[in-house]
Structure formats: structure tokens, C-alpha cells
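Reader: I'm new to this. Can you show me how to read the way helices pack against each other?
Author: Sure, let's look at one together.

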Amino acid sequence: MMHIGRMLNEMVLHSVCLTEHAKKVGFRRLIEKFRKNMIYNSLDTKRIRKLMKSPGQLRLVQDDDWKIRPTAA
């Protein structure tokens with residue numbers, strides 16, 4: 001559990017979308033949502049395969065003065 005908590009903390013600290021979401025709902029609520037999704041949701045293998053075929057990109061935030069552009073999710 002400590003490893004998962006550490007992973008979530010690092011993701012929130014360095015991810016634009018997760019940082020904004022954590023600010024909005026709070027870190028404790030973010031962990032609760034993560035836990036519920038891990039327990040109760042099954043993996044959508046078709047969606048995962050589709051995502052694996054398309055090029056992806058992970059962007060990390062390095063400083064506090066970044067701006068967020070609305071993106072289509």
C-alpha cells in the first residue's frame with residue numbers, strides 16, 4: 001500500500017491533470033477513487049489495446065508556474 005501511495009503522490013506532483021484534480025477533490029478523495037476503481041472496475045481490454053496501438057505521450061510538470069490548456073478527453 002505504501003508503494004501505491006508513493007506512486008500516486010509522485011503522479012500528482014508531476015502530472016498536470018492529476019494535480020488539478022487533486023486540488024479540486026483533495027488527495028484523500030483521489031486515493032479513495034483510485035481504490036474503488038482498482039477494486040470494482042474491470043479492465044476494458046479493447047480500449048487498452050487501442051491505446052497501445054496509438055502513439056502516446058506522458059508530460060511531467062517541473063515548476064509551479066505552468067498553465068493548463070483545456071483538452072478533449
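Reader: How are H1 and H2 oriented to each other?
Author: Start with the general idea: two packed helices are described by the angle between their axes and the distance between the axes. This is a predicted model, and here the axes of H1 and H2 come within 6 Å and cross at roughly 100°. Angles from 65 to 115 degrees count as roughly perpendicular, so that's what H1 and H2 are to each other.

Reader: Which residues of H1 and H2 meet?
Author: On the H1 side you'll find Met 11, Val 12, Leu 13 and His 14, and they meet Val 16, Leu 18, Thr 19 and Ala 22 of H2. Sort that contact by class and you get 6 nonpolar and 2 polar residues, with no charged ones.

Reader: OK, now H2 and H3. At what angle do their axes cross?
Author: Roughly 110°, with the axes coming within 6 Å. That makes H2, too, roughly perpendicular to H3. In this contact, Leu 18, His 21, Ala 22 and Val 25 from H2 meet Phe 27, Arg 29, Leu 30 and Lys 33 from H3. The class split is 5 nonpolar, 1 polar and 2 charged.

Reader: And H1 with H3: what do I look at there?
Author: Angle and distance again. The axes of H1, residues 2–14, and H3, residues 27–40, cross at roughly 120° and come within 11 Å. That angle lies outside the perpendicular range, which stops at 115 degrees, so H1 and H3 are oblique to each other. You can also give the crossing a hand: for H1 and H3 it's right-handed.

Reader: Which residues of H1 and H3 meet?
Author: From H1 there are Ile 4, Gly 5, Met 7, Leu 8, Asn 9 and Val 12, and from H3 there are Phe 27, Leu 30, Ile 31 and Phe 34. That contact has 8 nonpolar and 2 polar residues and no charged ones.

Reader: What about salt bridges, how many are there?
Author: The count comes to 3. In one of them, Arg 6 pairs with Glu 10, and their closest N and O atoms are 3.2 Å apart. Both residues, Arg 6 and Glu 10, sit in H1, 4 residues apart, which is about one turn of the helix.

Reader: Last one: where is confidence lowest and where is it highest?
Author: Keep the general rule in mind: where pLDDT is low, the predicted coordinates should not be read in detail. In this protein, H1 has the lowest confidence, at a mean of 80, and H3 the highest, at 84. The protein averages a pLDDT of 76, and 77% of the residues score at least 70.

Technical notes. Residues numbered from 1 in each chain as written. Predicted model: local features only at pLDDT ≥ 70, side-chain atom pairs only at ≥ 80, totals over all residues. Heavy atoms only, no water. Axes fitted to C-alpha atoms, helices over the stretch in contact; angles between N-to-C directions. Helix = DSSP H or I, 4+ residues; strand = E, 2+ residues; numbered from the N terminus. Parallel < 35°, antiparallel > 145°, perpendicular 65-115°, else oblique. Left-handed = near helix turned anticlockwise from the far one by under 90°. Contact = heavy atoms within 4.5 Å. Nonpolar A, V, L, I, M, F, W, Y, C, P; charged D, E, K, R; others polar. pLDDT = per-residue confidence, 0-100. Salt bridge = Lys/Arg side-chain N within 4 Å of Asp/Glu carboxyl O.
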